[in-house]
Every structure is written in structure tokens, then in C-alpha cells.
Amino acid sequence: MKAEEALDFVPVEKREFITMVTPANPKKLKEMKEKIRTFYEDLRDQFNDGNATEVFQISMQVFPLTIDEEEK
């Protein structure tokens with residue numbers, strides 16, 4: 001796994017690992033996903049300026065940690 005390898009081989013100055021666990025209304029999941037997509041597009045547009053000398057991977061996931069009893 002690339003992220004796991006990065007912990008061992010990429011200096012801390014060149015990487016960032018962040019995790020957030022937060023309560024949220026599942027009815028707003030569509031909006032949350034749209035914000036994530038917009039965030040990715042903004043990052044791409046701001047930092048892909050034609051002067052790139054390295055390639056970076058940025059990952060974000062959203063999924064429930066709770067179990068909906070009705071979905072079992």
C-alpha cells in the first residue's frame with residue numbers, strides 16, 4: 001500500500017496524514033460528496049500550474065462507521 005510505504009520512506013516534510021471522525025446527518029451525504037469533489041477540483045486547478053516537478057497522491061474517503069439497523 002502506497003500510504004503505508006510513505007510512512008517508512010517519505011520524509012515527514014513531504015507528507016501529511018489526517019483523519020477526521022465526525023457525527024453527520026446521513027441525509028447530507030450527497031452534499032458532503034459534492035464538497036469533496038469540489039475540493040479536489042480546486043486543489044488540482046490551484047497546484048497543477050504547469051510547473052510540476054513531482055506527482056502526489058491525495059486521498060479522501062467518506063463512509064459510515066455506524067451500522068444502520070434497517071440495512072442489516
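The structure holds two salt bridges. It is a predicted model, and the report below describes these two contacts before turning to the rest of the chain.

**Salt bridges**

Side chains of opposite charge can pair when their charged atoms come close. One such contact joins the side chains of Glu 54 and Lys 14, with a distance of 3.0 Å from N to O. Glu 54 belongs to the segment after H2, whereas Lys 14 belongs to the loop between H1 and H2, so this salt bridge ties together parts that are 40 residues apart in sequence. Another salt bridge links the side chains of Asp 45 and Arg 44, also with 3.0 Å from N to O.

The table lists the relative accessible area of the residues in these salt bridges.

| Residue | Relative accessible area | Class |
|---|---|---|
| Glu 54 | 41% | partly exposed |
| Lys 14 | 41% | partly exposed |
| Asp 45 | 52% | exposed |
| Arg 44 | 46% | partly exposed |

Asp 45 counts as exposed because its value of 52% falls in the class over 50%.

**Overall form of the chain**

The chain contains two helices and zero strands. Helix H1 covers residues 2-9 and helix H2 covers residues 29-47, with a loop between them. Along the principal axes, the C-alpha atoms fill a box of roughly 50 × 30 × 15 Å. The radius of gyration of the chain is 16 Å, while a compact globule of 72 residues would have a value near 11 Å.

Of the 72 residues, 3% count as buried. The accessible surface of the chain amounts to about 7,600 Å², and carbon and sulfur atoms account for 55% of this surface.

**A nonpolar patch**

Val 21, Phe 63 and Leu 65 form a nonpolar patch on the surface, and together they have about 370 Å² of accessible area. Within this patch, Val 21 is located in the loop between helix H1 and helix H2. Val 21 has a relative accessibility of 65% and therefore counts as exposed.

**An aromatic pair**

A search of the whole structure finds one aromatic pair. The partners are Phe 39 and Tyr 40, whose ring centres are 6.2 Å apart and whose planes stand at 70°, so the pair is edge-to-face. This assignment follows because planes over 60 degrees apart count as edge-to-face. Phe 39 is partly exposed, with a relative accessible area of 39%. Tyr 40 is also partly exposed, with a relative accessible area of 25%.

Technical notes. Residues numbered from 1 in each chain as written. Predicted model: local features only at pLDDT ≥ 70, side-chain atom pairs only at ≥ 80, totals over all residues. Heavy atoms only, no water. Phe/Tyr/Trp six-rings, centres within 6.5 Å; stacked < 30°, edge-to-face > 60°. Buried < 20%, exposed > 50% of the residue type's maximum accessible area, 1.4 Å probe, protein only. Patch = residues over 30% accessible without salt bridge, like charges linked within 9 Å, V, L, I, M, F, W, Y side chains within 5 Å. Areas by Shrake-Rupley, 256 points an atom, 1.4 Å probe, with all protein chains shown as cover. Salt bridge = Lys/Arg side-chain N within 4 Å of Asp/Glu carboxyl O. Helix = DSSP H or I, 4+ residues; strand = E, 2+ residues; numbered from the N terminus. Rg over C-alpha atoms; globule rule 2.2 N^0.38 Å.
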